[in-house]
Amino acid sequence: MDQYVITGGVPLVGETEISGMKNAALPILAASIMTDETVTLENLPDVDDVRVLIEALRSIGADIKYIDRHTVSVCGAGIGSCEIQYEYIKKIRASYYLLGALLGKYKNAAVPLPGGCNIGSRPIDLHLKGLNAIGGNVKILYGTIIGKSERLHGAHIFMDTVSVGATINIMMAASRAEGRTIIENAAKEPHVVDVANFLNSMGANIKGAGTDVIRIKGVKDFHGTSYMIVPDMIEAGTFMCAAAATRGDIMIKGVIPKHLEAITAKLREIGCEIEEFDDSIRVVAARRLSRTHIKTNPYPGFPTDMQPQIGVVLTLAQGTSVVTESIFENRFKYVDELTRMGASIKVEGNSAIIDGVDCLMGARVSSPDLRAGAALVVAALAAEGTSVIEDIKFIERGYEDFEQKLEALGADISRVSAEGKSGRLKVRTS
Ligand code: EPZ
């Protein structure tokens with residue numbers, strides 16, 4: 001399994017360009033098969049999750065061609081099956097977006113139940129409740145979610161919990177139902193807005209995305225479109241935290257500063273100097289940062305996907321910080337790894353109490369999941385000495401050219417493949 005070898009203690013300085021948002025690209029790719037006309041998607045991130053979902057779409061008959069590394073053309077006219085194989089859902093949970101897309105277009109879908117993952121149980125009861133409310137007739141049979149419906153109709157749905165995935169899945173299916181659907185307590189994340197804008201560019205009639213009430217008037221058919229995916233706010237936030245943790249100075253280009261407001265506010269609060277431009281943001285951490293309290297919340301609150309990364313920054317801050325994770329029940333698995341690097345963190349329930357230390361020390365650590373893995377890379381970049389980060393496949397699910405972008409900022413990082421039991425490292429050019 002490939003690893004990163006990082007020698008830290010060097011401030012990251014320079015500029016980097018952010019890729020398209022993985023968590024917008026996945027539902028938009030799924031929704032792109034809802035028309036039989038050609039859809040062109042630009043600014044797709046070249047990451048494993050996107051590649052897996054493209055294979056899943058091809059497996060049911062979609063014709064997908066890469067125009068360049070970040071642009072694909074999709075045509076759903078040739079789809080011959082509405083049944084997604086387990087191998088795809090096992091690799092990425094977000095294959096469940098095909099439920100809303102196939103149900104909306106064909107009134108028929110069979111998608112294996114997604115398992116839990118390292119950050120929590122990840123139920124999908126809200127997806128099923130909403131899809132059944134619009135007549136999806138969705139049942140779980142032998143580990144597969146099966147929806148077969150004569151007719152989808154409008155409904156007034158109140159989401160018990162704010163759920164990004166359920167909001168998007170219901171929005172996709174309801175956009176092709178007969179009549180009006182209202183989704184109350186809807187998720188407001190930028191990627192929910194991006195999916196709504198994409199669906200509208202195919203002829204949907206969706207209003208209110210980005211607020212907690214989304215109003216959808218179903219339409220009979222969709223037409224082709226060209227669409228550019230929004231920049232990845234979590235990738236941008238990760239680089240913001242890398243600047244903070246290494247006392248660096250990074251200009252992060254190709255972002256929407258408004259999407260980063262919660263992260264910007266917190267980093268300013270602990271002592272970073274942050275300058276916002278039209279489509280970029282500069283983060284400078286000239287001196288030791290100070291403690292704070294963080295509580296993750298649905299957008300526009302502090303994003304749960306940034307919780308491990310800000311946790312790393314706070315391990316080096318002056319004083320005692322508290323990070324409370326209110327979205328997922330098991331998102332502190334990175335804490336044990338950080339402790340091995342000299343951090344002083346105690347997890348109590350859904351909070352981590354962090355006593356800032358003067359420095360972290362390099363160590364061999366393993367990535368428990370996507371965002372925790374990225375956070376451990378940030379920790380290794382800040383630490384004195386050399387670290388080996390194992391299981392980087394998790395990181396590559398959601399970060400395009402991660403080591404190249406960090407290297408361009410002055411990081412001493414290389415990608416190696418571990419060999420043999422001794423874990424002997426053979427350096428391989430990346
Ligand atoms: C999306 O997951 C993202 N994944 C996650 O990012 C992100 O952490 C999460 O939204 C929150 O922002 C993708 O977009 C592919 P939720 P999702 O439904 O949609 C509960 C990453 O690192 N819930 O908003 O699965 C759930 O347990 C990933 O890129 C139900 O109870 O998250 C959680 O407590 C990790 N029933 C809360 O809602 C349901 O039917 C929010 O989950 C669905 C969710």
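Which helix or strand gives the largest share of the shell around the ligand? In this predicted model, where local features need pLDDT of at least 70, side-chain atom pairs count only at pLDDT 80 or more, and totals for chains, interfaces and linings use all residues, that share comes from H5, with 3 residues. Residues are numbered from 1 along each chain as its sequence is written, and side-chain values use heavy atoms, with hydrogens and water left out.

The ligand is a good place to begin. It is surrounded by 25 residues, and the closest are Asp125, Leu126, Ser163, Asp305 and Ile327; a residue belongs here if one of its heavy atoms lies within 4 Å of the ligand. Sorted by class, the shell holds 12 nonpolar, 6 polar and 7 charged residues. In this sorting, Ala, Val, Leu, Ile, Met, Phe, Trp, Tyr, Cys and Pro count as nonpolar, Asp, Glu, Lys and Arg as charged, and the others, Gly among them, as polar. Oxygen atoms of the ligand lie 3.0 Å from a side-chain N or O atom of Arg122, 3.4 Å from a backbone N or O atom of Pro123, and 2.9 Å from a side-chain N or O atom of Arg371. Taken alone, the ligand exposes 820 Å², of which the protein buries 88%; such areas come from the Shrake-Rupley method with a 1.4 Å probe. Two or more residues of the shell come from each of helix H1 (22–31), helix H5 (125–133), helix H6 (164–174) and helix H12 (370–382). Helices (H or I, at least four residues) and strands (E, at least two) are DSSP runs, numbered from the N terminus.

Helix H10 offers a clear example of burial. All 9 of the 9 residues of H10 (residues 307–315) are buried, so this helix is largely enclosed by the rest of the structure. Buried means under 20% relative accessible area, exposed means over 50%, and partly exposed lies in between (1.4 Å probe, protein chains only). Gln309, in helix H10, has a relative accessible area of 0%. Leaving aside residues up to four places away in sequence, Gln309 touches Ile234, Thr238, Cys241, Arg371, Ala375 and Tyr399, where contact means heavy atoms within 4.5 Å. Arg371 also appeared above, with a side-chain N or O atom 2.9 Å from a ligand oxygen.

Attention now turns to the strands. Four strands, in the order S9-S10-S12-S11, form an open sheet with mixed pairing; two strands pair if DSSP finds at least two bridges between them. Strand S9 (156–158) and strand S11 (206–207) are the edge strands, each pairing on one side only. Strand S10 (residues 180–184) runs antiparallel to strand S12 (residues 213–217), joined by 5 bridges, and Arg180 stands opposite Lys217 in S12. Strand S6 (residues 108–112) also pairs in the antiparallel sense over 5 bridges, with strand S8 (residues 144–148); Val111 has Ile145 in S8 as its bridge partner. S6 is mostly covered, with 4 of its 5 residues buried.

Finally, some backbone details deserve a look. Most residues other than glycine have a negative phi, and most peptide bonds are trans. The bond from Tyr299 to Pro300 is cis, with omega near 10°, and Pro300 lies in the loop between strand S17 (293–295) and H10. Lys107, although not a glycine, has a positive phi of about 60°; this partly exposed residue, at 22% relative accessible area, sits in the loop between helix H4 (97–106) and S6.

How values were computed:
Polar contact = N/O pair within 3.5 Å; in protein donor to acceptor, adjacent residues only side chain to side chain.
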